[in-house]
Amino acid sequence: MKVQCQQTSTLPDNGHARRIQRSGGRTRRAVIRSMKIRVFVIEDHPLMRRSLVEAIEREADFTVCGQAEDAEEAFATVMSVRPDIVLTDIQLKSSSGLDFIKAIRAHAPELPVVATTMFDVQRTERLARAAGASAFVAKQDGPGKLIEVVRDSLKKDKARRERGNTKGA
């Protein structure tokens, strides 16, 4: 019996799924527990970046698929790696997280981007959202809140995509 597999892009809320086409036209879905939400981290301070990566990697359903310390490096890598979500600092040494958000919105508008900072939080959140950030979290809020915001952003993105898919049906 010939089996063909085609991967779908469902989120791990219900588990990642793979469609399995069997001869005879029947299709079934199999849950694959090994697939994780792929997070890309942009942070210029090595110690903070390591802390963010460790917080993300502690989650059983998350994995860090890439890291960058500036917006230019991040943009090229994100476009090739295609993560499920991006976490970016706003104040980077050689570039701006706001510039990254604007650029990624122009090329991958569907990609959720969570912005973060530890400086002038209220003003920065307004700027990040105006640039197109899906969500915002202050670094002072800690790793628990960071993970909560990332999960919430993914859920909102999934709901938005599902609404978009039902409009054309």
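# A tour of the sheet and its helices

Start by selecting strand S4, residues 37-42. S4 is mostly covered, with five of its six residues buried. The model on the screen is a predicted one.

**The whole chain**

Zoom out before going on. The protein chain holds five helices and eight strands. Read from the N terminus, its elements follow the order β-β-β-β-α-β-α-β-α-β-α-β-α. Of the 169 residues in the protein chain, 41% are buried. Take the contacts in the protein chain with a separation of 6 or more: 53% of them are between residues 24 or more positions apart.

**The sheet around S4**

Now select S5, S4, S6, S7 and S8 together. These five strands form an open sheet in the order S5-S4-S6-S7-S8, and the pairing is parallel. Which strands are at the edges? They are S5 and S8 (135-138), each of which pairs on one side only. On average, neighbouring strands of this sheet are turned by 25° against each other, direction ignored.

Return to S4 and look at its two partners. S4 and S5 run parallel and are joined by six bridges. To find a place in this pairing, select valine 41, which stands opposite glutamine 67 in S5. S4 and S6 also run parallel, joined by four bridges. Here, select isoleucine 42, which stands opposite threonine 88 in S6.

Move to strand S7, residues 113-117. S7 pairs with S8 in the parallel sense over four bridges. Alanine 115 is the residue to pick, as it stands opposite phenylalanine 136 in S8.

**Helix H1**

Next select helix H1, residues 46-57. H1 packs on the sheet and touches S4, S5 and S6. The direction of H1 makes about 160° with that of S5. Follow the chain from S4 through H1 to S5: these elements make a right-handed β-α-β unit.

On the way from S4 to H1, stop in the loop between them at histidine 45. Is histidine 45 buried or exposed? Its relative accessible area is 40%, so histidine 45 counts as partly exposed. Add leucine 92 to the selection. The two residues are 47 residues apart in sequence, and their C-alpha atoms are 8.3 Å apart in space.

**Helix H2**

Select residues 71-81, which are helix H2. H2 lies across S4, S5 and S6 and runs at about 170° to S4. Within H2, colour Ala71, Ala74 and Val78, which are buried. Seen down the axis of H2, its buried residues fall within an arc of 55°, so they line one face of the helix. What covers these buried residues? The cover includes S4 (37-42), S5 (62-68), S6 (85-89) and helix H3 (97-107). Turn to the face of H2 that points away from the buried side, and the exposed residues Glu72 and Ser80 come into view.

Look at the ends of H2 next. At the N-terminal end, aspartate 70 acts as a cap: one of its side-chain oxygens lies 3.2 Å from the backbone nitrogen of glutamate 72. Just after H2 comes arginine 82, in the loop between H2 and S6. Arginine 82 has a positive phi of about 55°, although it is not a glycine. With a relative accessible area of 44%, arginine 82 is partly exposed.

**Aspartate 89**

Follow the chain into strand S6 and select aspartate 89. At 3% relative accessibility, aspartate 89 is counted as buried, because the cut-off for buried is under 20%. Which side chain does the side chain of aspartate 89 join in a polar contact of 3.3 Å? The partner is the side chain of lysine 139. Leaving out residues up to four places away in sequence, aspartate 89 touches Ile42, Glu43, Asp44, Gly97, Thr116, Thr117 and Lys139.

**Last stop: aspartate 120**

Finally, select aspartate 120, in the loop between S7 and helix H4 (121-131). Its phi is near 40°, a positive value in a residue other than glycine. Aspartate 120 is partly exposed, with a relative accessible area of 47%.

Conventions. Residues numbered from 1 in each chain as written. Predicted model: local features only at pLDDT ≥ 70, side-chain atom pairs only at ≥ 80, totals over all residues. Heavy atoms only, no water. Buried < 20%, exposed > 50% of the residue type's maximum accessible area, 1.4 Å probe, protein only. Helix = DSSP H or I, 4+ residues; strand = E, 2+ residues; numbered from the N terminus. Arc of directions from axis to C-beta. Contact = heavy atoms within 4.5 Å. Polar contact = N/O pair within 3.5 Å; in protein donor to acceptor, adjacent residues only side chain to side chain. Pairing = 2+ DSSP bridges. Axes fitted to C-alpha atoms, helices over the stretch in contact; angles between N-to-C directions. Right-handed = clockwise from strand over helix to strand, strands pointing away.
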